[in-house]
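User: I would like a close look at a single part of this protein, taken slowly and with its surroundings. Could you walk me through one strand and what lies around it?

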Amino acid sequence: MKITEQQIEEFVEMAHKVGRYGLTVCSSGNLSWRIGDEVLVSGTGSWVPEIRKEQVSVVRFADGEVRNGVKPSMESVFHLGVLRERPDQTVVLHFQAPYATAISCMKVRPKSINVTAEVPYHVGVEIPEIPYYRPGSPELADAVIAALKEHNSAFMLKHGQVVCGKDFNQALERATFMEMASRLAVLNGDNLETFTDAEVEEVEVKFLGKKK
(Lines give C-alpha, C1' and ligand atoms only; values in the text may rest on other atoms or scores of the structure.)
Protein backbone atom coordinates (compact mmCIF):
# COMPACT_ATOMS: atom_id res chain seq x y z
CA MET A 1 0.00 0.00 0.00
CA LYS A 2 1.52 3.31 -1.08
CA ILE A 3 1.25 6.26 1.30
CA THR A 4 -0.64 9.14 -0.30
CA GLU A 5 0.03 12.85 -0.12
CA GLN A 6 -3.31 13.26 1.64
CA GLN A 7 -2.29 10.80 4.37
CA ILE A 8 0.94 12.71 4.95
CA GLU A 9 -1.07 15.91 5.25
CA GLU A 10 -3.39 14.19 7.75
CA PHE A 11 -0.34 13.10 9.75
CA VAL A 12 0.98 16.67 9.79
CA GLU A 13 -2.38 17.92 11.10
CA MET A 14 -2.34 15.21 13.78
CA ALA A 15 1.09 16.35 14.92
CA HIS A 16 0.06 20.00 14.99
CA LYS A 17 -2.99 19.08 17.05
CA VAL A 18 -0.72 17.38 19.60
CA GLY A 19 1.05 20.71 19.91
CA ARG A 20 -2.18 22.68 20.22
CA TYR A 21 -3.17 20.43 23.11
CA GLY A 22 0.08 21.37 24.87
CA LEU A 23 1.45 17.82 24.90
CA THR A 24 4.81 18.58 23.26
CA VAL A 25 7.11 21.57 22.88
CA CYS A 26 9.85 22.19 20.32
CA SER A 27 11.58 18.90 19.48
CA SER A 28 10.15 16.91 22.39
CA GLY A 29 8.09 13.84 21.63
CA ASN A 30 7.36 11.89 18.46
CA LEU A 31 4.40 10.41 16.62
CA SER A 32 3.75 7.42 14.38
CA TRP A 33 0.81 6.13 12.33
CA ARG A 34 0.67 2.69 10.74
CA ILE A 35 -1.09 2.51 7.38
CA GLY A 36 -1.05 -0.98 5.90
CA ASP A 37 2.52 -2.17 5.46
CA GLU A 38 4.08 1.27 5.98
CA VAL A 39 4.36 3.65 8.92
CA LEU A 40 4.55 7.43 9.02
CA VAL A 41 6.96 8.67 11.72
CA SER A 42 7.94 12.19 12.71
CA GLY A 43 11.42 12.83 11.39
CA THR A 44 14.47 13.02 13.62
CA GLY A 45 14.95 16.49 15.07
CA SER A 46 11.56 17.70 13.85
CA TRP A 47 9.33 19.80 16.07
CA VAL A 48 6.07 17.85 16.31
CA PRO A 49 3.90 20.97 16.82
CA GLU A 50 5.36 22.56 13.68
CA ILE A 51 6.32 19.56 11.56
CA ARG A 52 6.27 19.98 7.78
CA LYS A 53 5.44 17.38 5.14
CA GLU A 54 9.06 17.05 4.11
CA GLN A 55 9.94 16.12 7.72
CA VAL A 56 7.66 13.07 7.80
CA SER A 57 9.46 9.76 7.39
CA VAL A 58 7.87 6.80 5.62
CA VAL A 59 9.23 3.46 6.84
CA ARG A 60 8.42 -0.14 6.04
CA PHE A 61 6.45 -1.71 8.89
CA ALA A 62 8.17 -5.09 8.65
CA ASP A 63 11.75 -3.92 9.19
CA GLY A 64 11.84 -0.13 9.56
CA GLU A 65 13.53 0.50 6.23
CA VAL A 66 13.21 4.17 5.25
CA ARG A 67 11.22 4.53 2.02
CA ASN A 68 11.40 8.28 1.32
CA GLY A 69 14.87 9.36 2.44
CA VAL A 70 13.68 11.10 5.64
CA LYS A 71 15.37 9.75 8.78
CA PRO A 72 12.73 8.85 11.40
CA SER A 73 12.86 9.80 15.07
CA MET A 74 15.47 7.91 17.07
CA GLU A 75 12.55 6.48 19.06
CA SER A 76 11.04 4.88 15.96
CA VAL A 77 12.28 1.47 17.14
CA PHE A 78 9.83 1.39 20.02
CA HIS A 79 7.06 2.87 17.87
CA LEU A 80 7.39 0.03 15.39
CA GLY A 81 7.82 -2.52 18.15
CA VAL A 82 4.63 -1.46 19.91
CA LEU A 83 2.68 -1.49 16.65
CA ARG A 84 3.93 -5.00 15.89
CA GLU A 85 2.97 -6.26 19.34
CA ARG A 86 -0.38 -4.48 19.22
CA PRO A 87 -2.02 -5.07 15.82
CA ASP A 88 -5.20 -3.52 17.26
CA GLN A 89 -3.41 -0.15 17.54
CA THR A 90 -2.30 2.11 14.67
CA VAL A 91 -0.93 5.21 16.45
CA VAL A 92 1.84 5.67 19.02
CA LEU A 93 2.46 9.04 20.67
CA HIS A 94 5.43 9.86 22.88
CA PHE A 95 4.89 13.21 24.57
CA GLN A 96 6.18 15.41 27.39
CA ALA A 97 3.15 17.17 28.83
CA PRO A 98 4.08 19.45 31.79
CA TYR A 99 2.24 17.80 34.69
CA ALA A 100 2.64 14.20 33.58
CA THR A 101 6.35 14.84 33.08
CA ALA A 102 6.50 16.44 36.53
CA ILE A 103 5.19 13.16 37.95
CA SER A 104 7.72 11.17 35.94
CA CYS A 105 10.47 13.26 37.56
CA MET A 106 9.24 12.96 41.17
CA LYS A 107 11.23 11.03 43.76
CA VAL A 108 7.96 9.97 45.39
CA ARG A 109 5.17 9.58 42.84
CA PRO A 110 1.42 9.19 43.44
CA LYS A 111 0.46 5.52 43.77
CA SER A 112 -2.43 6.20 41.42
CA ILE A 113 -3.82 8.99 39.27
CA ASN A 114 -7.30 7.46 39.06
CA VAL A 115 -8.97 10.70 40.06
CA THR A 116 -11.96 10.54 37.70
CA ALA A 117 -13.66 7.66 35.88
CA GLU A 118 -12.11 8.80 32.59
CA VAL A 119 -8.65 7.78 33.79
CA PRO A 120 -9.16 4.02 34.33
CA TYR A 121 -11.50 3.96 31.33
CA HIS A 122 -9.33 5.78 28.80
CA VAL A 123 -5.77 5.81 30.17
CA GLY A 124 -5.73 2.53 32.06
CA VAL A 125 -6.52 1.14 35.50
CA GLU A 126 -2.78 0.72 36.05
CA ILE A 127 -0.14 2.85 34.35
CA PRO A 128 3.26 1.14 34.27
CA GLU A 129 6.42 3.08 35.03
CA ILE A 130 9.39 2.58 32.73
CA PRO A 131 12.77 3.11 34.42
CA TYR A 132 15.04 5.75 32.95
CA TYR A 133 17.06 4.64 29.96
CA ARG A 134 18.90 6.90 27.57
CA PRO A 135 16.56 8.24 24.87
CA GLY A 136 16.98 6.26 21.68
CA SER A 137 18.65 3.33 23.44
CA PRO A 138 17.77 -0.32 22.78
CA GLU A 139 17.03 -0.71 26.48
CA LEU A 140 14.40 2.02 26.35
CA ALA A 141 12.84 0.55 23.21
CA ASP A 142 12.60 -2.90 24.80
CA ALA A 143 11.08 -1.46 27.99
CA VAL A 144 8.45 0.58 26.14
CA ILE A 145 7.46 -2.35 23.94
CA ALA A 146 7.12 -4.59 27.01
CA ALA A 147 5.08 -2.00 28.93
CA LEU A 148 2.60 -1.38 26.12
CA LYS A 149 2.18 -5.03 25.24
CA GLU A 150 -0.70 -5.20 27.75
CA HIS A 151 -1.22 -1.52 28.60
CA ASN A 152 -2.23 1.54 26.59
CA SER A 153 -0.09 4.12 28.38
CA ALA A 154 3.06 4.39 30.47
CA PHE A 155 5.18 6.88 32.38
CA MET A 156 8.79 7.05 31.20
CA LEU A 157 10.68 8.12 34.31
CA LYS A 158 12.73 11.29 33.95
CA HIS A 159 11.66 11.38 30.31
CA GLY A 160 7.95 11.69 29.52
CA GLN A 161 4.99 9.51 28.59
CA VAL A 162 3.82 7.21 25.82
CA VAL A 163 0.37 6.07 24.69
CA CYS A 164 -1.03 4.06 21.82
CA GLY A 165 -4.45 4.06 20.19
CA LYS A 166 -6.56 2.32 17.57
CA ASP A 167 -6.55 5.69 15.80
CA PHE A 168 -5.21 9.18 16.38
CA ASN A 169 -8.22 10.44 18.32
CA GLN A 170 -8.00 7.59 20.80
CA ALA A 171 -4.28 8.15 21.34
CA LEU A 172 -4.86 11.88 21.80
CA GLU A 173 -7.70 11.21 24.23
CA ARG A 174 -5.55 8.91 26.32
CA ALA A 175 -2.69 11.40 26.40
CA THR A 176 -4.99 14.30 27.28
CA PHE A 177 -6.71 12.49 30.15
CA MET A 178 -3.32 11.32 31.42
CA GLU A 179 -2.14 14.93 31.54
CA MET A 180 -5.42 16.11 33.12
CA ALA A 181 -5.15 13.53 35.91
CA SER A 182 -1.47 14.32 36.42
CA ARG A 183 -2.31 18.00 36.77
CA LEU A 184 -4.88 17.24 39.44
CA ALA A 185 -2.39 15.01 41.24
CA VAL A 186 0.35 17.64 41.24
CA LEU A 187 -1.99 20.47 42.28
CA ASN A 188 -3.59 18.47 45.09
CA GLY A 189 -0.40 16.95 46.42
CA ASP A 190 -0.97 15.09 49.68
CA ASN A 191 -4.64 16.06 49.57
CA LEU A 192 -5.30 13.90 46.50
CA GLU A 193 -8.20 11.46 46.79
CA THR A 194 -8.15 8.70 44.19
CA PHE A 195 -10.69 6.02 43.33
CA THR A 196 -11.05 3.13 45.74
CA ASP A 197 -10.55 -0.41 44.47
CA ALA A 198 -14.33 -0.86 44.50
CA GLU A 199 -14.86 2.30 42.44
CA VAL A 200 -12.24 1.22 39.91
CA GLU A 201 -13.85 -2.22 39.66
CA GLU A 202 -17.23 -0.62 39.01
CA VAL A 203 -15.74 1.27 36.05
CA GLU A 204 -14.17 -1.95 34.77
CA VAL A 205 -17.43 -3.87 35.04
CA LYS A 206 -19.75 -1.17 33.70
CA PHE A 207 -17.59 0.24 30.92
CA LEU A 208 -14.72 -2.17 30.20
CA GLY A 209 -16.67 -5.42 30.23
CA LYS A 210 -14.81 -7.01 33.13
CA LYS A 211 -16.65 -9.87 34.80
CA LYS A 212 -16.98 -9.85 38.56
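Analyst: What follows is a reading of one strand and its neighbours, and then of a loop residue and a helix elsewhere in the chain. Please keep in mind throughout that this is a predicted model.

The strand to begin with is β2, which covers residues 38–42. Five of its five residues are buried, so β2 is largely enclosed by the rest of the structure. The burial applies to both faces of the strand, since Glu38, Leu40 and Ser42 are buried on one side, while Val39 and Val41 are buried on the other.

Part of the setting of β2 comes from the strands that pair with it. Strand β1, residues 30–35, runs antiparallel to β2, and the two are joined over four bridges. Within that pairing, leucine 40 of β2 is the bridge partner of tryptophan 33. The hairpin formed by β1 and β2 has two residues between the strands, and glycine 36 in this hairpin takes a positive phi near 65°. Strand β3, residues 56–60, also pairs with β2 in the antiparallel sense, here over five bridges. In β3, serine 57 stands opposite valine 41, a residue already met among the buried positions of β2.

Going back along the chain, the loop between α1 (5–20) and β1 holds serine 28. This serine is buried, because its relative accessible area of 10% falls under the 20% cut-off. The side chain of serine 28 reaches the backbone oxygen of valine 25 at 2.8 Å. Leaving aside residues up to four places away in sequence, serine 28 touches Val48 and Gln96.

A helix offers another view of burial. In α7, residues 197–207, the buried residues include Val200, Val203 and Glu204. Seen down the axis of α7, its buried residues fall within an arc of 95°, so they line one face of the helix. The face of α7 turned away from that buried side carries Ala198 and Lys206, which are exposed. Among the elements that cover the buried residues of α7 is α4 (118–123). After α7 comes glycine 209, which has a positive phi near 75°.

To return to the part you asked about, β2 is buried on both faces and pairs in the antiparallel sense with β1 and with β3.

Conventions: Residues numbered from 1 in each chain as written. Predicted model: local features only at pLDDT ≥ 70, side-chain atom pairs only at ≥ 80, totals over all residues. Heavy atoms only, no water. Buried < 20%, exposed > 50% of the residue type's maximum accessible area, 1.4 Å probe, protein only. Pairing = 2+ DSSP bridges. Polar contact = N/O pair within 3.5 Å; in protein donor to acceptor, adjacent residues only side chain to side chain. Contact = heavy atoms within 4.5 Å. Arc of directions from axis to C-beta.
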